[in-house]
Amino acid sequence: AFTVLGAIALQGIRLSRLHLGETAFVIGLGLVGQLTVALLKSAGVRVIATDLDSSKCSLAEKMGAAEARTGLSGADIESMTRSLGADAVIITASAASNQPIELAVESVRKKGRIVLVGVVGLQLNRRPFYFKECEFVVSSSYGPGRYDADYEERGRDYPAPYVRWTEQRNMQAVLDLMGSGSFDVSPLISHRFPIDRAEDAYRMIENASEPYLGIILEYPGDPGTGEEGVRLSNPSKVEGKIGVGCLGAGNYARMVLLPALKKIPAFDPGALVSAGGLSAASTAQKLGFQRAASGEEEVLSDPQVDAVFVLTQHDAHAGQVVRALSAGKHVFTEKPLCLTVEELQEIESALAEAGDGSPMLMVGYNRRFSPAAVRVKAFFENVSEPVTVAVRFNAGAIPPDHWTQDSKTGGGRIVGEACHAIDLATFLTGSLPVRVYAESVGGENAPAVTDDQCFITLRHANGSITSIGYLAGGDKAFPKERVEVIGGGRIAVIDDFKNVTTVAGGKTKTYKGGRQDKGHRAELKAFAAALTERDAWPISWKELRAVSLASILAVRSIREGVPFEV
């Protein structure tokens with residue numbers, strides 16, 4: 001329980017560059033301050049400390065401070081250090097005033113170091129810093145790696161020979177010190193509450209009804225396997241309905257897809273699984289699921305689950321699809337189906353192994369199910385010659401370090417979102433993409449990520465061609481999507497999946513849909529109908545395969561500068 005706080009204290013100490021026999025002055029003796037005192041003591045550093053609360057000063061002496069008392073001044077520190085001053089001052093206080101920083105610069109020796117771990121006023125007076133030539137450093141939480149998405153989210157460690165102490169290694173060091181007994185945090189624990197009385201603990205803090213410091217929330221001694229999850233209602237499946245197990249409870253799942261699924265009578269929500277058990281439980285309860293858990297095996301092995309919905313992060317899709325198909329479950333997966341050609345081959349192999357009795361696979365290419373797309377498709381129904389399709393995405397910029405921009409985690413925005421346009425073009429032309437070429441912006445002033453400012457050209461098997469502009473360089477205030485289909489003496493335009501304009505025989509018609517409808521509910525109805533009636537797949541495997549492959553090869557085309565056959 002103290003590992004994270006200990007790592008914060010340890011990082012502050014590392015930035016102080018204190019050595020054996022030197023003197024540290026710690027200002028502020030809350031939990032992090034007390035941990036700082038104890039860690040400094042274990043490192044052979046002499047510690048002087050201060051706080052406004054005399055009881056915390058007494059505790060600091062138990063934790064290893066040579067002297068701790070209220071009201072210490074710079075002159076006091078100087079007298080305690082043979083007129084030298086503290087080699088380093090570590091501020092672990094939380095205060096709006098400048099007083100802690102003023103006390104620090106009074107107390108530090110010439111060319112010493114001040115490290116700010118806490119939060120204090122920073123209206124610095126240049127004069128004392130100038131004459132002492134002391135250094136001032138602000139500590140960033142647990143250590144190197146903090147706030148770096150590559151490190152924290154994608155697991156890309158810094159090499160130890162060059163970055164000896166990262167946030168993870170700081171935590172390891174804290175655990176090692178506690179394990180050896182040289183870092184004893186037990187005096188800091190003021191209260192223990194069983195988890196079912198957690199509200200009492202927070203109420204005590206809010207009301208300040210008694211003094212407290214470290215409050216431990218204790219869980220039952222035998223947590224079990226955790227596989228049974230949290231049951232929220234009667235677990236029996238409704239006869240005649242499609243039992244649903246859902247993997248993932250992120251923003252898209254909670255705000256868009258699962259609310260739409262709830263409105264389809266054919267589905268019976270069973271288990272909802274998420275890496276965050278709390279989000280799964282709250283979402284499951286809100287959307288009528290019977291239980292929540294944090295392990296996907298509960299869904300894959302449940303005989304009451306007929307269809308698995310894969311709504312997890314992109315890099316998890318392919319593996320979960322293969323495991324669900326191998327378990328004999330029908331699968332609905334959000335796009336993208338996969339991130340690499342190799343993953344696509346694994347999915348194809350899983351379908352082939354199942355043979356004629358293969359479960360159904362559906363990918364969340366919702367645009368083709370929208371009322372606008374269905375209307376345009378019908379408008380060109382009697383056109384036999386090739387058509388041209390132009391799709392423009394005003395995608396909007398997202399940071400280059402966002403997980404969707406990472407090729408291994410999110411697949412990039414072409415694979416992750418432009419695939420919608422490739423599938424829509426496949427639907428509107430009635431023909432598979434057979435060739436793909438793509439180029440993105442470039443030059444010396446190009447942004448860090450250029451893939452999301454690109455044009456993709458598709459040739460379809462029937463001779464139709466598609467141009468997709470996936471463009472993140474604009475303004476989000478402008479409508480996001482526009483689709484134009486031209487051929488056979490006809491023109492149709494979809495404006496942001498709200499309105500449709502058709503032109504034929506010199507006559508223009510406009511159909512105003514009012515609310516935007518991108519087909520989320522319709523795609524779920526199509527999936528449910530296909531399962532219930534044992535009908536053909538809503539999107540054939542040939543189309544799913546071709547769209548996925550074209551998306552992957554579009555990125556490769558940008559990299560290599562050549563077109564690819566799909």
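Select Lys 263 to begin: in this predicted model, its side chain is exposed, with a relative accessible area of 52%. Lys 263 is found in the loop that links α10 (251–262) to β11 (267–273). Keep Lys 263 displayed and add Arg 515, Arg 521 and Lys 525, since together these residues gather in a patch of positive charge on the surface.

**Salt bridges**

Next, turn to pairs of opposite charge. Side chains of opposite charge can pair when their charged atoms come close. The structure holds 27 salt bridges, and the stops that follow visit some of them.

Select Arg 146 together with Glu 152, whose side chains meet in a salt bridge at 3.1 Å, N to O. Arg 146 is partly exposed, at a relative accessible area of 25%, and Glu 152 also counts as partly exposed, with 33% relative accessibility.

Move on to Arg 169 and Asp 157, where the side chains form a salt bridge of 2.9 Å, N to O. Arg 169 lies in helix α8 (residues 167–180), while Asp 157 lies in the loop between α7 (149–152) and α8, so this pair ties together parts that are twelve residues apart in sequence. Is each partner buried or partly exposed? Arg 169 counts as buried, at 11% relative accessibility, whereas Asp 157 is partly exposed, with a relative accessible area of 40%.

While the loop between α7 and α8 is on screen, select Arg 164, which lies in that loop. Arg 164 is partly exposed, its relative accessible area being 46%. If you add His 314 and draw a distance between the C-alpha atoms, you will find these two residues 32 Å apart in space, with their positions 150 residues apart in sequence.

Now go to helix α18 (residues 541–560) and select Arg 556 and Glu 560, which are four residues apart in that helix and therefore separated by about one helical turn. The side chains of Arg 556 and Glu 560 meet in a salt bridge of 2.9 Å, N to O. Both partners can be seen from outside to some degree: Arg 556 counts as partly exposed at 41% relative accessibility, and Glu 560 counts as partly exposed at 46%. For a salt-bridge arrangement that goes beyond a pair, select Arg 197, Glu 199, Asp 200 and Arg 203, which are joined into one network by salt bridges that share partners.

**A nonpolar patch**

Select Ile 205, which lies in helix α9 (residues 198–207) and is partly exposed, with a relative accessible area of 32%. Adding Tyr 202 and Tyr 212 to the selection completes a nonpolar patch on the surface, in which the three residues have about 290 Å² of accessible area together.

**The parallel sheet**

Switch to a cartoon view for the strands. Strands of a sheet pair through backbone hydrogen bonds, either parallel or antiparallel. Select β1 to β6, which make up an open sheet of six strands in the order β3-β2-β1-β4-β5-β6, with parallel pairing. At the edges stand β3 (67–68) and β6 (135–138), each of which has a single partner strand, so one side of each is left without a neighbour in the sheet. Within this sheet, strand β1 (residues 23–27) and strand β2 (residues 46–50) pair in the parallel sense over five bridges, and a useful place to inspect the pairing is Thr 23, whose bridge partner in β2 is Arg 46.

**Strand β20 and its neighbours**

For the last stop, select strand β20 (residues 481–487), which has a covered face formed by Glu 481, Val 483, Val 485 and Gly 487, and an uncovered face formed by Arg 482, Glu 484 and Ile 486. Which strands pair with β20 in the antiparallel sense? One of them is strand β16 (residues 388–394), paired with β20 over six bridges, and another is strand β21 (residues 490–495), which runs antiparallel to β20 and is joined to it by six bridges.

Centre the view on Val 485 to see both pairings from a single residue: Val 485 is the bridge partner of Val 389, and in β21 the bridge partner of Val 485 is Ala 492. Finally, follow β20 into the hairpin that it makes with β21, where two residues stand between the strands and Gly 488 takes a positive phi near 60 degrees.

Conventions
Residues numbered from 1 in each chain as written. Predicted model: local features only at pLDDT ≥ 70, side-chain atom pairs only at ≥ 80, totals over all residues. Heavy atoms only, no water. Patch = residues over 30% accessible without salt bridge, like charges linked within 9 Å, V, L, I, M, F, W, Y side chains within 5 Å. Areas by Shrake-Rupley, 256 points an atom, 1.4 Å probe, with all protein chains shown as cover. Salt bridge = Lys/Arg side-chain N within 4 Å of Asp/Glu carboxyl O. Lys, Arg positive; Asp, Glu negative; His and termini not counted. Charge placed at Lys NZ, Arg CZ, Asp CG, Glu CD. Buried < 20%, exposed > 50% of the residue type's maximum accessible area, 1.4 Å probe, protein only. Pairing = 2+ DSSP bridges.
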